[in-house]
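Student: I should be grateful for a close look at a single strand of this structure, with an account of its surroundings.

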Amino acid sequence: MAGAQGWSRFGNAAPPSETSPDNKSDDTRGGPASKIRLELGIEQDSFTSMSRLTPASRPLCMTKSKTIIIGGGVIGLCTAWQLLEAGEDVVVIDAAASGGDNGARENAGLIVPSHFIPLAAPGMLAKGLRWLLDRESPFAIRMRPSPALARWGWLFHRHSTLEHVRDCAAILRDLHLESRRMFAELADEGEHFGLVQRGLIMLCKTQHALDEEAAVARTAASLALRVDVLDATAVAKLDPDITMDVTGGVHFPDDCHLDPARLLDLLRERVIRLGGRIRHEAVVDEITRHADGTLAQARGEGFAERGSQFVIAGGIRSEALLSKLGLRLPMQPGKGYSLTLDAPAQVPQLCSLLTEAKVAVTPIGGRLRFAGTMEIGARDAGANPARLRGIIRSAGRYFPEIRPEAFDGLRPWVGHRPVSPDGLPYLGRSRRIPNLIVATGHAMMGLSLAPVTGAVVAALITGRPPFRDLSALDPERFH
Ligand SMILES: Cc1cc2nc3c(=O)[nH]c(=O)nc-3n(C[C@H](O)[C@H](O)[C@H](O)COP(=O)(O)OP(=O)(O)OC[C@H]3O[C@@H](n4cnc5c(N)ncnc54)[C@H](O)[C@@H]3O)c2cc1C
């Protein structure tokens, strides 16, 4: 998703520069989108709600443990929230300052059950390689001689198959839907984090893109997701507050959006209110072990925290910590940007994805955020002017009233997605280190999947069964 957020659709939609007359829809060529639609045949798993797993169902033999969570981003905080709700002791250790940038603060804020196609999908590599030639394109690879990057690329290539898409679709759908339910429940409790449950529109400028999105929509329907394919008139009726220059769009009513900064602040407050402790501006550089090999203490400059369970939720920095423990989790940073207009000429009611440009658009109160770009392998915090220009230009192409000058002088926000090579998070207990749980690699879906990730970790620690089979997310699957 992200420029996001439709990243998982990289394989299924062409950027505007590729829409020449002879560049026909994948539907007519039998290309990736039609293959996914025709061959997916994904089973409609019955969706089991995590809400059934009440504290009362916790096995009597389990004793209360103290969990150390390394990383206080959206994944770490949701994990702390869920563990505390389950009655556990929790300490979160986070490198960032309180209220600082936890990696998701100004992201697009999209919650996306519509994103059931993993990043590694057929056609994705070819498209990505073509985009490498365009400096303003939404995709780039920071090429350098690096065995880790080469291995990641090889694994990505190996997983870009229809079989892989088929294997992942139901699990991604279930994870997103469960997360969405948990966000809605949090809002029902009276928590304010700007949740808007009106759906997302995949906006398409070209018929080619609309045909491809319609093909994905048919697969979504086969997965029992609600979806509507709309022409330009229907799109305008759905969101009359903004002028759009599009051929049509696909509406996913179950997607929603929120204000990520408010969510992070709320989660932090909630963790503290529930009795958790957060240690800010503390970088864990070492995790010591007991004689039997289990983890004992998380240590950094001037502090040490002892625990019985450890969760690594450090975003792109998780890989380095895990490799010190002898675990190899291939992961690359996927750098992206957002630009937020404080007083836009028009504000849509719904969030959207500019399909060909891969830019996410989110109304946040009276503000309007544009987020996009995926620079694989880029760890730095610098903003690339050409890619920012690409985002700004695409805004005006879909929304003619949003002028490029409106972005003058805006400070871009830069974030890094933790990207696994198969498009699935790393979520589960280590088989080598029994008191270690890994919760990272969510790429462009970290916000969307954060509550369910927290609930899965809490289930693992308290000994409850997970809400569905999650073996595909095994953190040691590439060992
Ligand atoms: C432009 C953009 C738009 C996006 N839009 C969306 C969206 O709409 N929806 C969505 O679902 N996702 C979106 N994402 C992705 C989402 O932001 C990430 O998936 C998410 O932030 C990952 O969360 P995390 O907690 O795993 O990692 P992070 O957010 O990176 O947090 C990790 C935390 O761990 C801390 N840490 C790391 N190592 C250590 C250590 N050794 N000791 C102590 N602390 C440590 C870091 O300081 C940080 O606070 C977007 C990303 C970008 C860049």
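Tutor: Strand S5 (residues 200-204) is joined by four bridges to strand S15 (residues 351-354), and the two run parallel. Strands here are DSSP runs of E of at least two residues, helices are runs of H or I of at least four residues, and both are numbered from the N terminus; two strands pair if DSSP finds at least two bridges between them. Within this pairing, Met-202 of S5 stands opposite Leu-353 in S15.

Before going further, please note that this is a predicted model, in which local features need pLDDT of at least 70 and side-chain atom pairs count only at pLDDT 80 or more, while totals for chains, interfaces and linings use all residues. Residues are numbered from 1 along each chain as its sequence is written.

S5 also pairs with strand S7 (residues 248-252), through five bridges and in the antiparallel sense. In S7, His-251 is the bridge partner of Ile-201.

Five of the five residues of S5 are buried, so the strand is largely enclosed by the rest of the structure. A residue is buried if 20 or more other C-beta atoms lie within 10 Å of its own, exposed if 12 or fewer, and partly exposed in between, with C-beta atoms placed from the backbone. Leu-200, Met-202 and Cys-204 point one way from S5, whereas Ile-201 and Leu-203 point the other way, and all are buried.

Leu-203 leads on to the interior of the protein: together with Ile-70, Leu-77, Ala-80, Val-311 and Ile-312, Leu-203 belongs to the residues with the most contacts inside the largest nonpolar core, which has 127 residues. Such a core is a set of buried Ala, Val, Leu, Ile, Met, Phe, Trp, Tyr and Cys residues joined through C-beta atoms within 7 Å. Val-311, for its part, touches Thr-67, Ile-69, Ile-70, Thr-79, Ile-437, Ala-439 and Val-457, leaving aside residues up to four places away in sequence. Two residues are in contact if their C-beta atoms, placed from the backbone, lie within 7 Å.

The wider setting is as follows. The protein chain has 479 residues, of which 54% count as buried, and its secondary structure comes to 12 helices and 20 strands. Among contacts with a separation of 6 or more, 80% are between residues 24 or more positions apart.
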